[in-house]
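Hello,

Here is the structure I promised to pass on to you. Please open it alongside this message, and then read on for what turned up in it.

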Amino acid sequence: MKQSILIIFLLVFGFSKLEAKEEHLSFNLKFGFLKGGEAEMIIRDTVYNGKPAKHYHVMGQTTGLAEKLYGVYDIYETTVDAETYLPLKTIRNVKEGSYRRYNETFFFHENDSIFSQRSGGRKVPENLVDIISVLFYFMHNQPFENLAPGDGVTYPTINADKISDINVKFLREEVVETDIGKMNSYVLSPTVEKGKVLKKADGVRFYISKEKKVPVFITFEMRVGALKAVLKSYKIDGVEQTTR
(Lines give C-alpha, C1' and ligand atoms only; values in the text may rest on other atoms or scores of the structure.)
Protein backbone atom coordinates (compact mmCIF):
# COMPACT_ATOMS: atom_id res chain seq x y z
CA MET A 1 0.00 0.00 0.00
CA LYS A 2 1.97 2.95 -1.31
CA GLN A 3 -0.56 5.61 -0.33
CA SER A 4 -1.65 5.69 3.30
CA ILE A 5 -3.98 7.92 5.28
CA LEU A 6 -0.88 9.48 6.79
CA ILE A 7 0.16 10.97 3.44
CA ILE A 8 -3.09 12.93 3.35
CA PHE A 9 -2.95 13.65 7.06
CA LEU A 10 0.44 15.29 6.64
CA LEU A 11 -1.20 18.04 4.62
CA VAL A 12 -2.65 19.55 7.75
CA PHE A 13 0.61 20.58 9.34
CA GLY A 14 1.19 23.35 6.86
CA PHE A 15 -1.18 25.58 8.81
CA SER A 16 1.06 26.51 11.75
CA LYS A 17 2.10 30.18 11.50
CA LEU A 18 3.49 31.17 14.90
CA GLU A 19 6.94 32.67 15.53
CA ALA A 20 7.91 30.38 18.41
CA LYS A 21 11.30 28.65 18.35
CA GLU A 22 9.64 25.27 18.75
CA GLU A 23 6.04 24.08 18.44
CA HIS A 24 4.95 20.52 19.18
CA LEU A 25 1.53 19.23 18.07
CA SER A 26 0.26 15.74 18.94
CA PHE A 27 -2.82 13.97 17.51
CA ASN A 28 -4.78 10.77 18.05
CA LEU A 29 -6.11 8.94 14.98
CA LYS A 30 -9.48 7.32 15.69
CA PHE A 31 -11.86 4.95 13.88
CA GLY A 32 -15.07 5.66 15.75
CA PHE A 33 -14.16 5.22 19.43
CA LEU A 34 -11.10 3.07 18.64
CA LYS A 35 -7.62 4.57 18.53
CA GLY A 36 -5.71 3.48 15.42
CA GLY A 37 -2.59 5.64 15.48
CA GLU A 38 -0.75 8.77 16.48
CA ALA A 39 0.84 11.68 14.66
CA GLU A 40 3.01 14.57 15.75
CA MET A 41 4.91 17.49 14.33
CA ILE A 42 7.80 19.58 15.62
CA ILE A 43 8.41 23.00 14.05
CA ARG A 44 11.73 24.72 14.70
CA ASP A 45 13.35 27.95 13.56
CA THR A 46 16.54 27.19 11.67
CA VAL A 47 18.96 28.48 9.02
CA TYR A 48 19.33 27.08 5.50
CA ASN A 49 22.13 28.27 3.22
CA GLY A 50 22.63 31.27 5.50
CA LYS A 51 18.99 32.40 5.45
CA PRO A 52 16.21 32.10 8.08
CA ALA A 53 14.05 29.03 7.60
CA LYS A 54 11.53 26.76 9.32
CA HIS A 55 12.08 23.04 9.76
CA TYR A 56 9.11 20.65 10.00
CA HIS A 57 9.54 17.14 11.38
CA VAL A 58 6.39 15.04 10.98
CA MET A 59 5.88 11.51 12.29
CA GLY A 60 2.85 9.27 11.86
CA GLN A 61 2.44 5.71 13.13
CA THR A 62 -0.18 3.05 13.72
CA THR A 63 -0.81 1.68 17.22
CA GLY A 64 -2.60 -1.27 18.84
CA LEU A 65 -4.54 -3.58 16.53
CA ALA A 66 -3.84 -1.40 13.49
CA GLU A 67 -0.13 -1.80 14.11
CA LYS A 68 -0.46 -5.59 14.22
CA LEU A 69 -2.57 -5.72 11.07
CA TYR A 70 -0.53 -3.27 9.01
CA GLY A 71 2.32 -1.37 10.62
CA VAL A 72 2.99 2.18 9.49
CA TYR A 73 5.83 4.42 10.62
CA ASP A 74 6.30 7.45 8.34
CA ILE A 75 8.62 10.41 8.81
CA TYR A 76 8.46 13.51 6.63
CA GLU A 77 10.76 16.50 6.95
CA THR A 78 10.50 19.81 5.10
CA THR A 79 12.61 22.94 5.39
CA VAL A 80 10.87 26.10 4.10
CA ASP A 81 12.06 29.64 3.52
CA ALA A 82 10.94 31.81 6.46
CA GLU A 83 9.93 34.68 4.17
CA THR A 84 8.34 32.98 1.14
CA TYR A 85 7.23 29.72 2.83
CA LEU A 86 8.34 27.80 -0.25
CA PRO A 87 10.10 24.45 0.37
CA LEU A 88 13.89 24.26 0.16
CA LYS A 89 14.50 20.62 1.02
CA THR A 90 12.28 17.62 1.79
CA ILE A 91 12.97 14.17 3.23
CA ARG A 92 10.50 11.31 2.89
CA ASN A 93 11.14 8.17 4.97
CA VAL A 94 8.22 5.75 4.63
CA LYS A 95 7.69 2.34 6.23
CA GLU A 96 4.25 0.85 5.52
CA GLY A 97 3.93 -2.90 5.94
CA SER A 98 6.72 -4.35 3.80
CA TYR A 99 6.96 -1.17 1.67
CA ARG A 100 9.98 1.09 2.14
CA ARG A 101 10.84 4.38 0.46
CA TYR A 102 13.45 7.02 1.26
CA ASN A 103 14.15 10.15 -0.77
CA GLU A 104 15.57 13.64 -0.45
CA THR A 105 14.54 16.46 -2.77
CA PHE A 106 16.15 19.90 -3.15
CA PHE A 107 14.25 22.90 -4.54
CA PHE A 108 15.75 25.67 -6.68
CA HIS A 109 12.93 28.21 -7.10
CA GLU A 110 15.17 30.78 -8.79
CA ASN A 111 15.15 28.62 -11.93
CA ASP A 112 12.04 26.48 -11.25
CA SER A 113 13.85 23.19 -10.85
CA ILE A 114 14.40 20.41 -8.32
CA PHE A 115 16.92 17.63 -7.70
CA SER A 116 15.60 14.31 -6.40
CA GLN A 117 17.97 11.62 -5.18
CA ARG A 118 15.71 9.02 -6.77
CA SER A 119 14.95 10.63 -10.14
CA GLY A 120 17.60 13.31 -10.65
CA GLY A 121 17.14 16.92 -11.74
CA ARG A 122 14.27 18.40 -13.76
CA LYS A 123 12.30 21.56 -14.46
CA VAL A 124 9.10 22.05 -12.46
CA PRO A 125 6.15 24.50 -12.30
CA GLU A 126 6.74 27.89 -10.72
CA ASN A 127 6.35 28.03 -6.91
CA LEU A 128 6.19 24.27 -6.51
CA VAL A 129 5.28 23.18 -2.98
CA ASP A 130 5.38 19.76 -1.30
CA ILE A 131 2.84 17.67 0.57
CA ILE A 132 3.67 19.33 3.92
CA SER A 133 4.11 22.95 2.87
CA VAL A 134 1.12 23.26 0.50
CA LEU A 135 -1.38 24.40 3.13
CA PHE A 136 1.22 26.40 5.00
CA TYR A 137 1.86 28.28 1.75
CA PHE A 138 -1.90 28.73 1.32
CA MET A 139 -2.14 30.14 4.84
CA HIS A 140 0.64 32.65 4.20
CA ASN A 141 -0.76 33.90 0.88
CA GLN A 142 -4.51 33.61 1.53
CA PRO A 143 -5.33 34.91 5.06
CA PHE A 144 -8.63 33.59 6.36
CA GLU A 145 -10.03 37.06 6.95
CA ASN A 146 -9.85 37.64 3.18
CA LEU A 147 -11.69 34.46 2.25
CA ALA A 148 -15.38 33.88 1.55
CA PRO A 149 -17.03 30.43 1.69
CA GLY A 150 -16.22 28.58 -1.52
CA ASP A 151 -12.97 30.48 -2.25
CA GLY A 152 -10.14 28.18 -3.32
CA VAL A 153 -6.62 28.19 -4.79
CA THR A 154 -4.80 25.49 -6.78
CA TYR A 155 -1.10 24.76 -6.27
CA PRO A 156 1.34 22.43 -8.06
CA THR A 157 2.46 19.97 -5.39
CA ILE A 158 5.08 17.23 -5.34
CA ASN A 159 4.72 13.97 -3.42
CA ALA A 160 6.73 10.78 -3.97
CA ASP A 161 8.39 12.37 -7.03
CA LYS A 162 4.98 12.93 -8.65
CA ILE A 163 3.66 16.45 -9.33
CA SER A 164 -0.09 17.10 -9.31
CA ASP A 165 -2.44 20.02 -8.58
CA ILE A 166 -4.02 20.37 -5.15
CA ASN A 167 -6.95 22.76 -4.75
CA VAL A 168 -7.49 24.16 -1.24
CA LYS A 169 -10.99 25.49 -0.57
CA PHE A 170 -12.35 27.47 2.40
CA LEU A 171 -15.76 26.09 3.44
CA ARG A 172 -17.00 27.79 6.63
CA GLU A 173 -16.40 28.58 10.29
CA GLU A 174 -17.43 26.01 12.92
CA VAL A 175 -17.07 25.10 16.60
CA VAL A 176 -15.45 21.65 16.90
CA GLU A 177 -14.88 19.26 19.83
CA THR A 178 -11.30 18.07 20.47
CA ASP A 179 -9.60 16.09 23.22
CA ILE A 180 -8.71 19.37 24.94
CA GLY A 181 -12.07 21.14 24.58
CA LYS A 182 -14.30 22.97 22.11
CA MET A 183 -12.62 25.32 19.65
CA ASN A 184 -13.69 27.96 17.15
CA SER A 185 -12.27 26.91 13.80
CA TYR A 186 -12.02 27.49 10.09
CA VAL A 187 -12.94 24.53 7.88
CA LEU A 188 -10.91 23.82 4.76
CA SER A 189 -11.00 21.07 2.17
CA PRO A 190 -8.22 20.08 -0.24
CA THR A 191 -9.07 18.20 -3.43
CA VAL A 192 -6.59 15.33 -3.78
CA GLU A 193 -6.31 12.04 -5.65
CA LYS A 194 -8.58 9.35 -4.21
CA GLY A 195 -6.08 6.53 -4.55
CA LYS A 196 -6.86 3.40 -2.55
CA VAL A 197 -7.71 5.19 0.67
CA LEU A 198 -10.18 8.07 0.26
CA LYS A 199 -13.79 7.47 -0.74
CA LYS A 200 -13.83 10.68 -2.80
CA ALA A 201 -11.38 13.38 -3.84
CA ASP A 202 -12.85 16.03 -1.51
CA GLY A 203 -13.37 13.64 1.40
CA VAL A 204 -11.03 15.45 3.81
CA ARG A 205 -11.90 18.34 6.15
CA PHE A 206 -9.38 20.34 8.17
CA TYR A 207 -10.49 22.34 11.22
CA ILE A 208 -8.03 25.13 12.04
CA SER A 209 -8.07 27.01 15.36
CA LYS A 210 -9.08 30.63 14.71
CA GLU A 211 -6.97 31.81 17.65
CA LYS A 212 -3.78 29.78 17.27
CA LYS A 213 -3.90 29.04 13.52
CA VAL A 214 -3.01 25.39 14.10
CA PRO A 215 -4.88 22.18 13.16
CA VAL A 216 -7.16 20.84 15.88
CA PHE A 217 -9.37 18.29 14.10
CA ILE A 218 -9.41 16.44 10.76
CA THR A 219 -11.98 14.09 9.24
CA PHE A 220 -11.47 11.59 6.41
CA GLU A 221 -14.17 9.83 4.38
CA MET A 222 -12.42 6.55 3.68
CA ARG A 223 -13.40 3.46 1.76
CA VAL A 224 -13.27 1.45 4.97
CA GLY A 225 -15.11 4.00 7.13
CA ALA A 226 -14.64 7.36 8.84
CA LEU A 227 -11.34 8.40 10.39
CA LYS A 228 -10.78 11.34 12.74
CA ALA A 229 -7.51 13.00 13.73
CA VAL A 230 -7.98 14.85 17.03
CA LEU A 231 -5.55 17.25 18.69
CA LYS A 232 -4.51 15.91 22.11
CA SER A 233 -1.76 18.41 23.03
CA TYR A 234 -0.05 21.54 21.77
CA LYS A 235 3.17 22.96 23.25
CA ILE A 236 5.37 25.98 22.54
CA ASP A 237 8.93 25.61 23.85
CA GLY A 238 7.69 22.79 26.09
CA VAL A 239 4.87 24.83 27.65
CA GLU A 240 1.34 23.48 27.25
CA GLN A 241 -0.94 25.80 25.27
CA THR A 242 -4.69 26.32 25.45
CA THR A 243 -6.87 26.81 22.37
CA ARG A 244 -10.37 28.14 21.79
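**What I found**

Let me begin with one pair of residues: in S6, Val 94 has Arg 101 as its bridge partner. Before going further, please keep in mind that this is a predicted model.

**The overall picture**

The protein has 3 helices and 16 strands. It consists of 244 residues, and 50% of them count as buried. If you look at contacts with a separation of 6 or more, 48% are between residues 24 or more positions apart. The accessible surface amounts to about 11,400 Å², and carbon and sulfur atoms account for 51% of it.

**Strands S4, S5 and S6**

Back to the strands around that opening pair. S5 and S6 run antiparallel and are joined by 8 bridges. They make a hairpin with 2 residues between them, and Gly 97 in the turn has a positive phi of about 60°.

On the other side of the story is S4, which runs antiparallel to S5 and is joined to S5 by 9 bridges. In this pairing, Val 80 stands opposite Pro 87 in S5. The hairpin of S4 and S5 has 5 residues between the strands, and Tyr 85 there takes a positive phi near 70°.

How enclosed is S5 by the rest of the structure? Of its 10 residues, 7 are buried, so S5 is largely enclosed. As a general point when you look at such strands, side chains in a regular strand alternate between the two faces of the sheet.

**Strands S10, S11 and S12**

A second set of strands is worth a visit. Strand S10 (residues 152-159) pairs with strand S11 (residues 162-178) in the antiparallel sense, over 8 bridges. Here Ile 158 stands opposite Ile 163 in S11. The hairpin of S10 and S11 has 2 residues between the strands, and Ala 160 in that hairpin takes a positive phi near 55°.

S11 also runs antiparallel to strand S12 (residues 181-191), with 11 bridges joining the two. Asn 167 stands opposite Thr 191 in S12. S11 and S12 form a hairpin too, with 2 residues between them.

**Helix H3**

Now for helix H3, which covers residues 133-141. Because 7 of its 9 residues are buried, H3 is largely enclosed by the rest of the structure. The buried residues are Ser 133, Val 134, Leu 135, Phe 136, Tyr 137, Phe 138 and Met 139.

Val 134 is a good one to click on. This residue sits in helix H3 and has a relative accessible area of 0%. Since the cut-off for buried is under 20%, Val 134 counts as buried. Val 134 and Tyr 155 are 21 residues apart in sequence, and their C-alpha atoms are 7.3 Å apart in space.

**Aromatic rings**

There are 8 aromatic pairs in the structure. One of them is formed by Phe 144 and Tyr 186, which are stacked, with 4.1 Å centre to centre and 15° between the planes. This pair links distant parts of the chain: Phe 144 lies in the loop between H3 and S10, Tyr 186 lies in strand S12, and they are 42 residues apart. Both Phe 144 and Tyr 186 are buried.

Which residues do ring pairs link into a cluster? They are Tyr 56, Tyr 85 and Phe 136. You have met two of these already: Tyr 85 belongs to the hairpin of S4 and S5, and Phe 136 is among the buried residues of H3.

**Cavities**

Finally, the empty space inside. The count comes to 2 cavities of 30 Å³ or more. The largest cavity has a volume of about 160 Å³. It is lined by 17 residues, and Thr 90, Arg 92, Thr 105, Asn 159 and Ala 160 lie nearest its centre. Ala 160 is also the residue with a positive phi in the hairpin of S10 and S11.

Which strand gives the largest share of the lining of the largest cavity? That is S6, with 4 residues. Strand S4 (72-81), strand S5 (87-96), strand S6 (99-108) and S10 each supply at least two residues of this lining.

Enjoy exploring the structure!

Best wishes

Terms used
Residues are numbered from 1 along each chain as its sequence is written. This is a predicted model: local features need pLDDT of at least 70, side-chain atom pairs count only at pLDDT 80 or more; totals for chains, interfaces and linings use all residues. Side-chain values use heavy atoms; hydrogens and water are left out. Buried means under 20% relative accessible area, exposed over 50%, partly exposed in between (1.4 Å probe, protein chains only). Contact means heavy atoms within 4.5 Å. Accessible areas come from the Shrake-Rupley method with a 1.4 Å probe; for residues, only the protein chains shown count as cover. Two strands pair if DSSP finds at least two bridges between them. Rings of Phe, Tyr and Trp (its six-membered ring) pair if their centres lie within 6.5 Å; planes under 30 degrees apart count as stacked, over 60 as edge-to-face and the rest as tilted. On a 1 Å grid over the protein atoms alone, a cavity is a set of points where a 1.4 Å probe fits but cannot get out, and a pocket is an open set with protein on both sides within 12 Å along at least five of seven lines; lining residues have an atom within 4 Å of a point. Grid points are joined across faces, edges and corners, and a volume is the space filled by probe spheres set on the points.
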